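Me: Please take a close look at a single part of this model and describe it in a connected account. I should like the strand pairing treated first, and then the surroundings that can be linked to it.

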Amino acid sequence: AEKKLLTYQFIGFDWGKKEEQRSKTHLVPKKNKRGPIIICVDTSGSMHGTPEYIAKVLCFAITRIALLEKRQCFLISFSTGISTLELTDLKKNLGELIRFLAMSFHGGTDAIPAFHEALKQLKSKSYEKADILMISDFIMDALDESTKKEVLKAKENDTKFHSLVIST
């Protein structure tokens with residue numbers, strides 16, 4: 001009896017209408033996943049020592065990867081002021097990159113000018129689809145409201161902001 005009931009129960013699931021779902025294939029233009037890179041590196045005194053070496057190695061490694069992948073790369077070093085370096089043409093800027101990697105870190109930390117420069121670069125044709133990487137120990141003041149609004153506006157345009165915290 002149980003065997004017959006199970007059979008009827010199983011058959012009962014098949015009764016009724018079956019809805020067919022057909023999947024449609026749509027061709028969607030592929031987004032360029034690998035755009036330019038803007039690297040902001042904290043060169044303040046709090047980064048002195050091991051964090052400094054890690055930041056320098058990471059900056060060089062990311063630059064190398066960007067050049068191998070034929071991606072544009074822009075470096076912003078910040079402390080109390082900023083220094084910028086276009087790294088797309090390494091033959092032209094190798095000496096400047098070596099000078100950056102050889103310098104010692106000192107001074108206070110003000111990230112706002114670095115954010116403003118990165119956001120300014122996003123408005124240029126070369127870096128409009130760039131992602132921004134900030135390498136720092138993040139011992140700094142909070143961003144002001146106008147800078148936060150600009151960052152949120154850039155995020156709406158598919159700009160990704162990444163942070164890498166280096167600390168002792």
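**A hairpin, a helix and a pocket**

Reply: In this predicted model, strand β2 (residues 73-78) runs antiparallel to strand β3 (residues 82-86), and five bridges join the pair. Three residues lie between the two strands, which together form a hairpin. Within this pairing, L75 has L85 of β3 opposite to it.

The hairpin leads on to helix α4, since β2 and β3 are both among the elements against which the buried residues of α4 pack. The other elements in that packing are β1 (37-42), β4 (131-136), α5 and β5 (161-165). On α4 itself, the buried residues are A114, F115, E117, A118, L119, Q121 and L122.

Two of these buried residues, L119 and L122, also appear in the lining of the second largest pocket. That pocket has a volume of about 210 Å³. Besides L119 and L122, its lining consists of K123, E128, E150, K153, A154, N157 and T159. The elements that supply two or more residues to this lining are α4 (112-122) and α5 (145-156). Of the elements, α5 contributes the most, with three residues. By residue class, the lining comprises four charged, three nonpolar and two polar residues.

Helix α4 thus links the two parts of this account: its buried residues pack against both strands of the hairpin and against α5, and α4 and α5 each give two or more residues to the lining of the second largest pocket.

Methods
Residues are numbered from 1 along each chain as its sequence is written. This is a predicted model: local features need pLDDT of at least 70, side-chain atom pairs count only at pLDDT 80 or more; totals for chains, interfaces and linings use all residues. Side-chain values use heavy atoms; hydrogens and water are left out. On a 1 Å grid over the protein atoms alone, a cavity is a set of points where a 1.4 Å probe fits but cannot get out, and a pocket is an open set with protein on both sides within 12 Å along at least five of seven lines; lining residues have an atom within 4 Å of a point. Grid points are joined across faces, edges and corners, and a volume is the space filled by probe spheres set on the points. Helices (H or I, at least four residues) and strands (E, at least two) are DSSP runs, numbered from the N terminus. Ala, Val, Leu, Ile, Met, Phe, Trp, Tyr, Cys and Pro count as nonpolar, Asp, Glu, Lys and Arg as charged, and the others, Gly among them, as polar. Two strands pair if DSSP finds at least two bridges between them. Buried means under 20% relative accessible area, exposed over 50%, partly exposed in between (1.4 Å probe, protein chains only). Contact means heavy atoms within 4.5 Å.
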